[in-house]
Amino acid sequence: MAMIHSAPRGNREARPHWVAAREGRLAMPFCQPCNTWNWPPAGACPHCGTALTWRDCSGEGRVVSFSIVRRAVQPEWKDHAPYVVAIIELAEGVRLLSNVVDCAAEAVTMGAAVQVAFHETTDPELGLPVFRLKD
Amino acid sequence: MTDSAIVGIAELPQGKMPGVTPMGLHSTLARMALADAGLHARDVDAIITLSPRSDPYLIHATALAEFMGIAPPVALTVEGGGAAPAVMTDMARMMIAGGRAKTVLVVSADMPLSVVSRNAYVNTLADAGPVHPDIERPYGPSVPSLFGICARAYMDQYGATDEDLAAAAMHDRRHAMAHPNAHMRQPMTLESYRATQMIADPLRLLDCTPVSDGGAAVVVTSQERARDLRQPLVKVLGAGFCAARLHLSAAASLTDSGAGPSLRDALAQAGRAAADIDLALVYDCFTIALLMNIEALGLAPPGGAGAAFRAGEFNADGRLPLNIHGGLLSHGYPGRAAGISNLVEAVVQLRGQAGDRQLKRVETTLTHGMGGVFATHGTLLLGKG
């Protein structure tokens, strides 16, 4: 059963990321002149100042590293431990922090191939990209 | 920039301080440090504090001055994470060198154990600590899990095991047991370490610091004036800082703490070499932080800090005495004030006032502090006068 997450802050630089997730897309901010991803999102490219464009990614990636939270601290997570927090590197080369879901926490391994999935949040306009182990 | 000295210090036993208020603790530490220097509160013309989580004010340093009944012209409250002790001391040096102040009182204290509840403090860290409020918080990372991610990457890269993590925890505990101000003083073995619960794999409870009431105060003045005061001269030789980013999501590496440039710059300013350092106090909010910081500072080879601990290289009688006060892991973790004890221990040892714990030879000390999850670093070099 997918959990309903508390909504992310919907009025900051990452909003297009959450809106795309609600639509089933993994959108990440990209600077065309520099040919680089920009995460965490800063609105404009910190190197050249160009406005960032949001590009859809394939949603495929691998686990760079992870931890299993046994003792949750945020109230909405209290009933969900143990859960996996991981750094995921997308096939496009950009890294982000997310959850690996729908598996036993102990099933996650370093370098494991993952595929994006999307969870609902308490804000009907905003979704949350999470990852599942690929078969 | 080589003209300032630490002339007064104060630290109380870290741990639970029932019946004490945060402002009362700040004031007590301030007066103790001034008395240690042979100075008076009215001599203070600049005061630098951190904003304790347990007791926020609009301008905390000015609130402390008011509480103490003094009115120094300069009162600054800085935000520097665990690198703050180096930031505050360097600000004091610059004010002294620039003629802005003659006697700078630095107070860094917090009471997360008695005033805020331990759980409330840990929750606050997840919300207002190193977790990115937009792109990380929705995924529920605890602070230990962010360090756990680094620990897993470190173990994977170097073939390290929980014995390397435990070696750091046991080293700190063994030395804390001999320190009168240390919070955690029960013996720790590999078995008792492994018997504690997993908090955020691969980090167990004893890979994490305790939460303590505590902190310290330090008085900084010119070396010229210090020679007329009552304590043995302790010079501030150099300071260095570096910061690559704030959040783990922006980290280029999960296994390089990034502390190296802060020591390089401090050594250059001090005109010293790494080989001159004969005592190191390294920031260790988690065991993995201690291992990675030691290696980034060049005090052990990459992946080799755990083995160095096991070989006794960092013991009081080892190659390079390190965290002989017990570190944050066992000396105590006083919330925002974490890291100031590194500075106090260096001064006590340089003065030759450590009693049974006194090292035979201490001429140059390294005190390192870190903010965030390997985000910012501040390193100070102190030397005997």
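A residue counts as buried if 20 or more other C-beta atoms lie within 10 Å of its own. Keep that cut-off handy for this tour of a predicted model.

**Stop 1: chain A as a whole**

Select chain A and hide the rest. Of its 135 residues, 36% are buried. Switch to a cartoon view and you should find 1 helix and 8 strands. What pattern do you get if you read along the sequence of chain A? The helix comes at the start, and the strands follow: α-β-β-β-β-β-β-β-β.

Now turn chain A around. Its C-alpha trace spans about 45 × 30 × 25 Å along the principal axes. The radius of gyration of chain A is 15 Å, which agrees with the value near 14 Å that a compact globule of 135 residues would have. As for the contacts in chain A with a separation of 6 or more, 52% of them come from residues 24 or more positions apart.

**Stop 2: two odd spots in chain A**

Zoom in on Ala81(A) and Pro82(A). The peptide bond from Ala81(A) to Pro82(A) is cis, and its omega is near 0°. Where is Pro82(A)? Look in the loop between β4 (60-69) and β5 (83-90) of chain A.

Next, select Asp102(A), in the loop between β6 (95-101) and β7 (113-120) of chain A. Asp102(A) is not a glycine, yet its phi is positive, near 60°. Is Asp102(A) buried or partly exposed? It has 13 other C-beta atoms within 10 Å, so it is partly exposed.

**Stop 3: where the chains touch**

Bring chain B back. The contact between the two chains takes 29 residues from chain B and 28 residues from chain A. On the chain B side, colour α4 (118-128), α5 (143-158) and β5 (198-201), each of which supplies at least two residues. Which element gives the largest share of the side of chain B that touches chain A? It is α5(B), with 6 residues. By class, that side of chain B has 15 nonpolar, 9 polar and 5 charged residues.

While β5 of chain B is on screen, move along to Asp201(B) and Pro202(B). A cis peptide bond joins Asp201(B) and Pro202(B), with omega at about 5°. Pro202(B) sits in the loop between β5 and β6 (203-204) of chain B.

**Stop 4: two crossing pairs of helices**

A quick bit of background: packed helices are described by the angle between their axes and the distance between the axes.

Start with helix α1 (residues 22-37) and helix α2 (residues 60-68) of chain B, whose axes come within 10 Å and cross at roughly 70°. That makes α1(B) and α2(B) roughly perpendicular to each other. Show the side chains of Met23(B), His26(B), Ser27(B) and Ala30(B) in α1(B), which meet Leu64(B), Phe67(B) and Met68(B) in α2(B). This contact has 5 nonpolar, 2 polar and no charged residues.

Then go to helix α6 (residues 162-176) and helix α10 (residues 287-296) of chain B. Their axes are 8 Å apart, and the angle is about 95°. Here too, α6(B) and α10(B) are roughly perpendicular to each other. From α6(B), pick Asp164(B), Leu165(B), Ala168(B) and Ala169(B); from α10(B), pick Thr287(B), Ile288(B), Leu290(B) and Leu291(B), and you have the residues that meet. They divide into 6 nonpolar, 1 polar and 1 charged.

Stay on helix α10 of chain B and click Ile294(B). With 28 other C-beta atoms within 10 Å, Ile294(B) is buried. Setting aside neighbours within four places in sequence, Ile294(B) is in contact with Val282(B), Leu299(B), Ala300(B) and Ala305(B). Try a distance, too: the C-alpha atoms of Ile294(B) and Ala259(B) are 8.6 Å apart, while 35 residues separate the two along the chain.

**Stop 5: an enclosed helix**

Select helix α3 (residues 84-97) of chain B, which reaches 20 Å from its first C-alpha to its last. How many of the 14 residues of α3(B) are buried? The count is 12, so α3(B) is largely enclosed by the rest of the structure. Among the buried ones are Met88(B), Asp90(B), Arg93(B) and Ile96(B). Just after α3(B) comes Gly99(B), with a positive phi of about 85°.

**Last stop: Phe374(B)**

Finish in the loop between β10 (364-371) and β11 (376-384) of chain B, where you will find Phe374(B). Phe374(B) has a positive phi of about 55°, although it is not a glycine. Phe374(B) has 28 C-beta neighbours inside 10 Å and so counts as buried.

Methods. Residues numbered from 1 in each chain as written. Chains lettered and ligands numbered in written order. Predicted model: local features only at pLDDT ≥ 70, side-chain atom pairs only at ≥ 80, totals over all residues. Axes fitted to C-alpha atoms, helices over the stretch in contact; angles between N-to-C directions. Helix = DSSP H or I, 4+ residues; strand = E, 2+ residues; numbered from the N terminus. Parallel < 35°, antiparallel > 145°, perpendicular 65-115°, else oblique. Contact = placed C-beta atoms within 7 Å. Nonpolar A, V, L, I, M, F, W, Y, C, P; charged D, E, K, R; others polar. Rg over C-alpha atoms; globule rule 2.2 N^0.38 Å. Expected span 1.5 Å × (residues − 1).
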